[in-house]
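Work through the exercises below with the model open. Try each task before reading its solution.

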Amino acid sequence: MTLLEVRGLDAGYGDFQALFGIDVDVAEGETLAMIGANGAGKTTFLRVLAGQVPTRAGSITFEGADIGAVRAHRRVGIGIALVPEGRKLFGSLTVRENLIIGAHPGRPGRWSLDTVLEVFPLIRPLLERPSHVLSGGEQQAVAIGRALMSNPRLILLDEVSLGLAPVVVKSLYEALPALSEGGATVLLVEQDIGQALSVASRVVCLLEGRVSLEGRPADLARSDITAAYFGMPATAGSEGPS
Amino acid sequence: MEWLNAVVQGIMLGGLFALFATGLSLAFGVMRFVNLAHGDLAILGAFVAVSVTSALGLNPFVSLVIVVPVMLAAGYGLQLGAFNFTVGADPLPSILVTFGLGVVIQNALLQTYSADSRGLDVGSIEVESIAITDAIAVGWIPLITLAVAITVLLGLQLMLSRTALGRAFRAVSDDPATARLMGINDRNLYAVAMGIAFATVAIAGVFLGIRQSFGPTDGPAQLLYAFEAVVIGGLGSVWGTLIGGLLLGVAHGIGGQVEVSYGYGSGPLLGHLVFLAVLATKPAGLLGRRTE
Amino acid sequence: MAPLLEVVDVEKSFGVKVVDALCLQVEQGDALGIVGPNGAGKTTLLNLIAGDLSCDRGSILIEGEDVTRTSPDWRCRRGLARTAQIPRPFEGMTVFENVLVGAVFGAGVPMSEAHATPVAVEALERAQLLSSANTRAGALPLLGRKRMELARALATRPKILLLDEIAGGLTEAEVLELVETIRAIHAGGVTIVWIEHIVHALLAVVDRIMAMSFGIKIAEGDPAEVMASPEVQEVYLGVAPE
Amino acid sequence: MTGHRVTRSDRQSTFGLAVSAVLLVVLVLLPWWDGDGSLRVPLVPILYYLALAQMWNLLAGFAGLVSIGQQMFVGIGVYTLLSFAEDFGVDPYLSVLLAGVVAAVLSLPVAALAFRLRGGYFAIGTWVIAEVFRLIALESGFLGGANVRTLTRESLGGYSVDTRNTVTYLMALGLAAGATAILVFVLRSRLGLALRSIRDNQEGARGLGVSVTRAKLVVWVISASWTGMTGAVILLHNPSTRAESAFSVLRWTALVVFIAIIGGVGSTTGPIIGVAIYWGVREFLEDADEWRFIILGLIAAAMAITAPRGVYGLLQKRWAVQFFPVRRRLVGPGIGGPAPGGQSQPAPDAGSTAR
């Protein structure tokens, strides 16, 4: 079943257009990875879904309803939660408060403070600390937990691995299946192709604001991905995962 | 001994300053909004109390039951209907709108109530006091004012630190865009904050009116005192606001005593000079974190 | 002679350490590339060098002069220029006026507009922007904005040019064009320090690479050797070499 | 040389300059056929309000310094003239210049304190400092304390009433026209380039070598000095004063701000339109001070929300007019776009950076 259906989406900031006619479907229960180079438009896409950037053209249908006009603070109520790039924890709130503020009265469900702490046990001893003293990995865990607290149907993860040590990234990624089991559909944005491919059931690659590739990880050749990622012939892969 | 008395009376006055400063500090803390009409709103609150007491024959203390909700609603409505359009990176529009509003309030009060000084009469309690020593007596009214100020600040502090509303205020203050992701309607929250700010400044205005006589053009002075209390104490700190108010009150008390003893100077002048001294030496305020 | 730019034991923390005890020397005529994953502290390092952030510890020297406590405009007039990762033109001004600001104020000596005009024109020419000199800067597309960042920086007649992901978000053809421009600037005697994710662009210009991870320098030296080292492979590409 | 040069004028702005020049000549010659002064005298307040509005516009609209303390410089000007002319016997017209000097000097320590505050807090901070000056004037026996002080006939020397009226008028005219000219010259200069870049992006400007604090300080001192001279001319026009009126925030800042906002802050033409509207409201509501403030205050507050660039901004949106040439256009080989002197390209007015 299709949870999210995006058609012909244009979006941008001021004079600058970041997305051109994006078509993406997300099926219920899948884990979709969106990859692409810096500036490809991945973060903008997530921000559009969360209502932080307005659409200029096209439609967004979520659970059968057009949500293009739903304002940002109402998106969480309909079941969309964004874990923003750079974590964006509230620095003057404690970790516990950061988690609690993520909960939404209209969305009870499996996720609560206790169940979140089960998935991210490293947070438990930090609950009463102000969030700005946490390490990057701890902050990221809190940010994901905060989004889970609203029991989202669709959780959007922006650059979870940004600036984190590989071992931390690994542990965060290990928690991802728990999200799916909890009933959330996952749409994650990554620059780190290797990580993305390891967890995704499907991959969409963006290049300069357009979809350049789509498919199941197993069906895609590395050279195709490299080409779609960098926008050049597959042979010139001087970087990317080797 | 008269100097010690000046300090004691100054502390009592400082409670009132802290009460004035509370709303200013809250609006700045939550949405970086500086309301230049703040003092005029206090005076407006006092005049509303004048009308309510004379029309219904109420005691001014009781009139708060009407004045405070009216001002709270006014603050909520003004924020939603006007101020929200000026919240943003450029401070110019918000300064202009609130400055204009202040001037309009002042002149509307002049038109409605004339330039005469008024007072709010609460009966015999006005002249009663507690003698601490032979030379020092603390009036009941200043004492009640200080107690109310501390209660309001304490309540605000508890609300900010303990309640869901306070959590939302702090979240919006940190990062309104991310707060929206949590389902928080920041614009509505701003209106709530402004409503609370108006309510506290109305209380301050009524207590000012009970304490001393006031006129339609007294608002700007109250704005300046409130602002000085906030800056002296340090931005974004409820207790800083109280300390700032008390210090400013003491400066006014001593300044007044200087005037009595030597014939020069005045409370407000010494208060301003203390503020400028703090600005010159500790621009972040005495208890402040550096915010910018 | 003192090095053109010296970074001594610099530290910066935002709750967590973003730049940690970092040392760096750049000689006149160098072209240094800086690589590392997102969040490694590269842009923070650049901000510290340019003066947009203040160091918690350590010092920054330009030609032996300690500039740690000076403002960005002072450092600019001492010969340091930078481009921003996300271009922020003076949108209300024309492209020419944008560049003129750099030419008038960025020179070490007071410059009249009449004297600065040829400098601005030359910078526009080198950045291949002369034809849109009278366009409103806010209306430029991304490549134009990146070029204008370059032109504004060049107009200050820098001794050393700090480039922050200037190739990011551009198409391959555009990247190649930009590489040519930067090579020419370097050949003209300007020292280059360049942060870039697009490694093949970097390799075409620089003669030395420093790799960073978690605010720490993990490797420095010959570009090919640095990029081939196992540490860099692991942190930069997010995967261990196969 | 590359053969490139910069032009600034086009037909439209040349037209604007021509109109202004004609208007200025007419106003300068006015005393010679306005025998009894019935035109000149009422014009003086309009002219000094224009001078004050332009100076506030320079601060708030171009340097981002939203001052609510301009009354301090008016008051400083008033009391400098009083002191020099009355107490030291200096020629009153020379004292007008000295008022500018004194205001400029005193503006420096004020800046040292007020520049520590930002935005709305800067606004209130300048207001506090203005209050300090008012209280000092009130306390100072030398300046006259709370009493009314008058510029007496003796200190005005042997000048006849008619000469005094004419000189006061011409000085007010000079201040108003001069203030507008200062704005145009500042915007055309390096300082203007710096201010526009700061308005658009302060950090970016710093990165290109612009010394932000210095640029703001220069503007602050210019504005203080010109406002101080205007204060002195206000006293020449209305020779009795006391501290409350010399340092009145309502008269010397609130009205001035309203005029600038309604006309259009951030442009050179806006305050001229604003002062014309103010004149209209004043004529319409003679002797009703409070209503004047209420109406202008409401219009200004509404404008600040709905049309932040004032009436001029609305006109400009409609007809794309620009009267004073401040923008730079590069001409020479290899440059695209319309030919020099041409129109249509949306190159910005210096003022259009204000938002």
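**Exercise 1: Place Leu163(C)**

At 0% relative accessibility, Leu163(C) counts as buried (buried is under 20% relative accessible area, exposed over 50%, partly exposed in between; 1.4 Å probe, protein chains only). This is a predicted model, in which local features need pLDDT of at least 70 and side-chain atom pairs count only at pLDDT 80 or more, while totals for chains, interfaces and linings use all residues. Residues are numbered from 1 along each chain as its sequence is written, chains are lettered from A and ligands numbered from 1 in the order in which they are written, and side-chain values use heavy atoms, with hydrogens and water left out.

Task: Find the element that holds Leu163(C) and list its contacts.

Solution.
- Step 1. Leu163(C) sits in strand 7 of chain C, residues 160–164. Helices (H or I, at least four residues) and strands (E, at least two) are DSSP runs, numbered from the N terminus.
- Step 2. Skip neighbours within four places in sequence. Leu163(C) then contacts Leu46(C), Thr83(C), Leu150(C), Ile182(C), Ile192(C), Val193(C), Trp194(C) and Ile195(C). Contact means heavy atoms within 4.5 Å.
- Step 3. Take Leu150(C), 13 residues away along the chain: its C-alpha atom lies 8.3 Å from that of Leu163(C).

**Exercise 2: Describe the domain interface**

Task: Characterise the interface of domain 1 and domain 2 of chain C.

Solution.
- Step 1. Set the bounds. Domain 1 of chain C is 1–79 + 159–242, and domain 2 is 86–157. These bounds come from an automatic or database domain assignment.
- Step 2. Take the centres over C-alpha atoms. They are 23 Å apart.
- Step 3. Count residues. 17 from domain 1 of chain C contact 16 from domain 2 of chain C.
- Step 4. Get the area. About 1300 Å² is buried between the two domains, and carbon and sulfur atoms give 64% of that. Buried area is the accessible area (1.4 Å probe) that two parts lose on being put together, summed over both.
- Step 5. Look for charge pairs. The rule finds one salt bridge across this interface. A salt bridge needs a side-chain nitrogen of Lys or Arg within 4 Å of a carboxyl oxygen of Asp or Glu.

**Exercise 3: Sort the contributing elements**

Task: Which elements give two or more residues to the side of domain 1 of chain C that touches domain 2 of chain C?

Solution.
- Step 1. Start from a charged pair. Arg147(C) and Glu177(C) form a side-chain salt bridge, 2.6 Å from N to O.
- Step 2. List the elements. They are helix 2 (72–77), strand 7 and helix 6 (172–187) of chain C.
- Step 3. Rank them. Helix 6 of chain C gives the largest share, seven residues.
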